[in-house]
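Here are some exercises to work through with the structure open beside you. Try each task before you read its solution.

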Amino acid sequence: MPTFCDVALAVPLDMAFTYAVPPGMEPVVGGRVLVPFRQQRMSGIVVELHDRPPKVKTKKVIEALDLSPVLDEQLLKLGKWIADYYLAPVGEVFRTMLPLSAEFKRAITYRITDEGQMALHLAGMSGSPARSRRTPDEQLVEFRVLDYLAERESVREERLRGATRVSRALLAGMVRKKWIAREDVSAARDAARTVKVAVLASAETSPPPDGRVARPHIGSDAGAPGVPARPDGLHTQQETGEGARRSTKPKKLNENQRTLLDTLAAAGGKVPVEALRGVEVPRTTLSTLVKRGMIELIDEPQDFAMSKIKPRRSPFEFEFNPAQKEALATILEGVSSRKFTGMLLHGVTGSGKTAVYLAGMREVLEQGRSSILLVPEIGLTPALAADLHQAFSDEVAILHSGLTDAERAEQWHRIKRGEARVVVGTRSAVFAPVSDLALLIVDEEQDSSYKQEETPRYHARDVAVMRAKMAGAVAVLGSATPSLESYYNTKKNKYALVELPDRVEQRPLPEVEILDMRQEFQETGHEQVISRKLAEEIRDRLEKKEQVMVLLNRRGYSPVALCRACGKTLQCKNCAVSMTHHKREHKMECHYCGYVAHIPDKCALCGSEYVYFVGTGSEKLEELLHGMFPQARIGRLDRDTVRGREDFERALNALNEGELDMLVGTQMIAKGHDVHGVTLVGVVGADIALGLPDFRAAERTFQLLTQVAGRAGRGQSPGKVVLQTYFPDHYAVQFAARHDFAGFYDKELQFRSWMHYPPYSAIANVLIRSEKLDDALTWSGELGRWFERTRHEGIRVLGPAAAPILRLKRDYRYHFILKSPSREKMNTLLRAMLAEAAARKIPRTQIIVDVDAVWLM
Ligand SMILES: [Zn+2]
Ligand SMILES: [Zn+2]
């Protein structure tokens with residue numbers, strides 16, 4: 001066994017740490033170990049085992065937690081790639097990849113130090129503690145603590161405080177004096193966690209899956225008065241012999257007993273005891289049946305909590321059009337080649353991409369290989385989950401943000417053991433530990449939720465492509481509105497472009513009418529939220545009993561509270577942004593940090609009472625439409641009305657069931673499922689983004705307009721879109737109205753090329769932040785001068801400049817933007833910058849390096 005191991009720990013340091021391996025311990029590369037780090041114990045991933053003694057004295061590994069790797073060779077390699085590409089500490093990358101935090105109980109413990117022993121010793125000699133400013137009472141408690149700890153190895157905080165009645169403050173003081181040491185113990189939970197499972201004592205009904213269950217000896221057990229009877233009334237095989245004779249006179253089951261047995265049988269004969277608690281029978285019923293030998297209790301690994309009931313496999317009949325067939329054939333050809341194949345599946349809205357994904361995944365599953373489907377945060381609805389269960393029964397693992405840590409860990413283990421070879425989930429599902437990965441699909445690949453906005457700041461789409469490359473798998477990026485980056489890659493022949501140009505059943509794309517709101521203002525003399533034309537179209541649809549969607553991509557009632565006397569707006573106390581008025585909840589809210597304040601009755605600056613709420617958000621839009629169409633049933637879909645996936649689904653269902661005439665909302669409504677009755681989509685202020693200082697504004701606007709327009713006319717009747725805008729001539733608006741994807745991409749690529757933006761240059765956004773304005777200014781100034789001195793060829797450095805949102809969540813923010821056609825050069829410079837910052841003692845946590853930033857605000 002090698003004598004040293006290098007361990008990646010989840011700390012903000014770009015390095016691995018070397019520890020000595022005690023004799024007899026056998027850590028594995030890719031497995032977890034428990035190690036001492038500073039004042040704590042931490043678990044980390046072993047990245048290398050070796051015999052090279054380091055220059056400094058090493059500490060010993062406390063415990064090897066895994067006998068086999070939790071990160072296989074490929075995932076280790078992928079993690080290292082992410083650390084390198086996104087300049088993130090490798091330990092933090094691994095922590096993101098492994099959803100196993102639930103397996104570690106966190107506990108604070110204390111132990112006495114040598115200094116503490118000494119203090120205790122001296123106190124014993126002199127008979128009284130040394131003089132100090134502490135009260136005699138406090139000193140007494142301190143020595144009680146030392147006394148208590150001196151007799152023990154280490155003690156949990158709760159126990160110590162219970163036994164000695166010491167305050168937290170006093171404990172902290174003792175830690176500062178180094179009399180005691182505080183440890184953050186992450187003890188691995190018992191690996192063999194089990195649950196009690198009730199099994200129907202009829203071996204033929206449900207053979208134990210693992211063979212560990214002892215066959216119940218019911219018939220021969222003289223002590224057992226009862227007879228095994230299957231709840232469906234059939235007799236079991238024990239009817240032969242003595243048992244059979246007895247069964248001619250079965251002891252009658254009471255109703256509770258029958259209910260419990262029925263439940264158990266319906267679930268396939270095996271259910272965790274915990275789950276049986278939901279059955280409304282007295283607790284004694286179960287124990288009676290156990291005593292009578294009709295139910296047996298066994299221990300199963302904890303992950304048995306997943307139901308083992310196998311639903312019938314769906315027939316899976318897709319009627320594919322030629323384009324879908326071709327797309328599927330291309331995917332499967334790539335799969336059988338076992339070589340990396342990158343593919344952009346560009347299908348217009350409503351063209352049936354999901355059916356192609358599912359067919360591809362099913363084929364992969366039938367070959368005994370694995371697939372992963374990534375969906376955006378809002379894309380994983382309960383309806384999709386139901387479809388997936390129907391299609392893949394229990395071979396699918398679904399990972400979403402609603403899972404608890406324990407549930408996430410449980411899914412992870414199922415995947416790792418090969419029980420679930422189809423994985424569907426949001427961003428981090430890209431790290432699912434499947435083996436023999438054949439197909440990795442990223443649905444709506446342009447969606448910004450694939451980018452993680454905290455360390456490590458990876459983009460799941462790009463990680464997916466890299467993982468597919470390492471695995472020799474097929475990567476399918478699907479979208480109705482592909483990102484510029486992916487589209488450009490097809491032009492460079494990096495990805496194959498497969499198009500689904502038609503909607504299913506040849507439904508036409510909706511007609512889009514652009515409505516110039518500047519002209520509307522001139523003609524009506526005041527600012528309109530709903531133009532006369534849109535109002536007329538809505539009235540028409542309501543009369544025909546057809547449905548309407550109206551998009552306004554801004555939540556709340558009014559985005560600005562303005563004082564008419566002094567002209568100031570109400571700003572968040574943490575951020576340099578206006579607070580939004582929420583009328584129904586009667587509050588002002590900051591949409592960036594969540595800070596909430598009272599609705600002002602007068603101006604905080606000048607005391608004037610003339611505070612006006614200006615502008616319109618989705619809440620006010622709903623109110624306006626109620627006023628205009630009092631008969632209509634109107635629903636709203638935005639982050640204030642949707643708290644979870646169920647709310648989202650409920651609103652869409654209501655629309656589908658015809659319980660709503662109109663749905664109003666933010667971009668959430670643009671991403672819904674098929675809603676067949678919608679024939680009109682009104683777009684109100686979807687061009688807000690065009691005014692933002694972000695080079696992706698045009699791309700985002702084009703995508704949003706195209707997606708929301710795609711909601712219209714998915715049923716029998718053709719759809720129409722009324723697009724209200726103050727930028728009627730902007731190319732993003734023009735091309736979206738014509739459904740001209742290629743036209744938009746060509747124009748936008750030209751602009752990106754001139755401005756040296758992606759995909760022609762790699763970019764990084766470097767933010768310097770501090771709660772103190774002086775620090776933020778000083779540090780960014782120092783780094784700015786350093787960038788100037790070290791001028792690097794082929795890299796443009798813009799800044800330092802105030803970030804578009806100068807203050808956010810209490811931090812003042814200055815930033816640099818780096819652009820370079822060479823990613824390698826850019827990352828080299830960024831690393832040198834971080835080294836310089838460290839030398840200047842600028843805290844690493846105050847510098848955010850965002851490679852391939854999607855958000856520059
Ligand atoms: Zn004022
Ligand atoms: Zn704020």
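Burial is graded by relative accessible area: buried means under 20%, exposed over 50%, and partly exposed in between (1.4 Å probe, protein chains only). This is a predicted model, in which local features need pLDDT of at least 70 and side-chain atom pairs count only at pLDDT 80 or more, while totals for chains, interfaces and linings use all residues. Residues are numbered from 1 along each chain as its sequence is written, chains are lettered from A and ligands numbered from 1 in the order in which they are written, and side-chain values use heavy atoms, with hydrogens and water left out.

**Exercise 1. Place Gly799 and grade its burial.**

Step 1. Start with the secondary structure, where helices (H or I, at least four residues) and strands (E, at least two) are DSSP runs, numbered from the N terminus. Gly799 belongs to strand β31, residues 796-808.

Step 2. Gly799 has a relative accessible area of 42%, so it is partly exposed.

Step 3. Now look for contacts, meaning heavy atoms within 4.5 Å. Leaving aside residues up to four places away in sequence, Gly799 touches His815 and Phe816. His815 lies 16 residues from Gly799 along the chain, yet their C-alpha atoms are separated by 6.3 Å.

**Exercise 2. Check the length of helix α12 and find how far it is enclosed.**

Step 1. The expected span of a helix is 1.5 Å times one less than its number of residues. For the 14 residues of α12 (353-366) that gives 20 Å, and the end C-alpha atoms are 20 Å apart, so the two agree.

Step 2. Of those 14 residues, 10 are buried, so α12 is largely enclosed by the rest of the structure. Among them are Tyr357, Leu358, Met361, Val364 and Leu365.

Step 3. Compare their places with the helical repeat. An α-helix has 3.6 residues a turn, so residues three or four places apart point the same way.

Step 4. Follow the chain onward: just after α12, Gly368 takes a positive phi of about 80°.

**Exercise 3. Find the partners of strand β13.**

Step 1. Two strands pair if DSSP finds at least two bridges between them. With β16 (residues 437-443), β13 pairs in the parallel sense over 5 bridges; here Ser371 stands opposite Leu439.

Step 2. β13 also runs parallel to β15 (residues 422-425), joined by 4 bridges. In this pairing Leu374 stands opposite Gly425.

Step 3. For burial, 5 of the 5 residues of β13 (370-374) are buried. Ser370, Ile372 and Leu374 point one way, Ser371 and Leu373 the other.

**Exercise 4. Work out which strands stand at the edges of the sheet β22-β23-β24.**

Step 1. The 3 strands form an open sheet in that order, with antiparallel pairing.

Step 2. β22 (580-582) and β24 (596-597) each have a single partner strand, so one side of each is left without a neighbour in the sheet, and these are the edges.

Step 3. β22 is joined to β23 (residues 587-589) by 3 bridges, and Thr580 stands opposite Glu589.

**Exercise 5. Describe the salt bridge between Glu485 and Arg696.**

Step 1. A salt bridge is a side-chain nitrogen of Lys or Arg within 4 Å of a carboxyl oxygen of Asp or Glu. The N to O distance for Glu485 and Arg696 is 2.8 Å.

Step 2. This pair links distant parts of the chain, 211 residues apart: Glu485 is in helix α16 (residues 484-491), and Arg696 is in the loop between β28 (678-684) and α21 (697-709).

Step 3. Both ends are buried, Glu485 at 18% relative accessible area and Arg696 at 8%.

Step 4. For contrast, look at the pair Glu419 and Arg417, whose closest N and O atoms are 2.9 Å apart. Glu419 is partly exposed at 31%, and Arg417 is partly exposed at 41%.

Step 5. Put these in context: the whole structure holds 48 salt bridges.

**Exercise 6. Determine the geometry around the zinc ion (ligand 1).**

Step 1. Donors are N, O and S atoms within 2.8 Å of the metal (3.2 Å for Na, K and Ca); water is not among the atoms, so sites may look incomplete. The SG atoms of Cys563, Cys566, Cys603 and Cys606 coordinate the zinc ion (ligand 1) at 2.2 to 2.4 Å.

Step 2. Four donors count as tetrahedral if all angles lie between 85 and 135 degrees. Around the zinc ion (ligand 1) the 4 donor atoms subtend 105 to 113°, so the arrangement is tetrahedral.

Step 3. Along the chain, the donors follow the spacing C-x2-C-x36-C-x2-C. Cys563 is buried at 2% relative accessibility, whereas Cys566 is partly exposed at 33%.

Key:
Four donors count as tetrahedral if all angles lie between 85 and 135 degrees; four count as square planar and six as octahedral if opposite donors are over 155 degrees apart and all others between 65 and 115; anything else is irregular.
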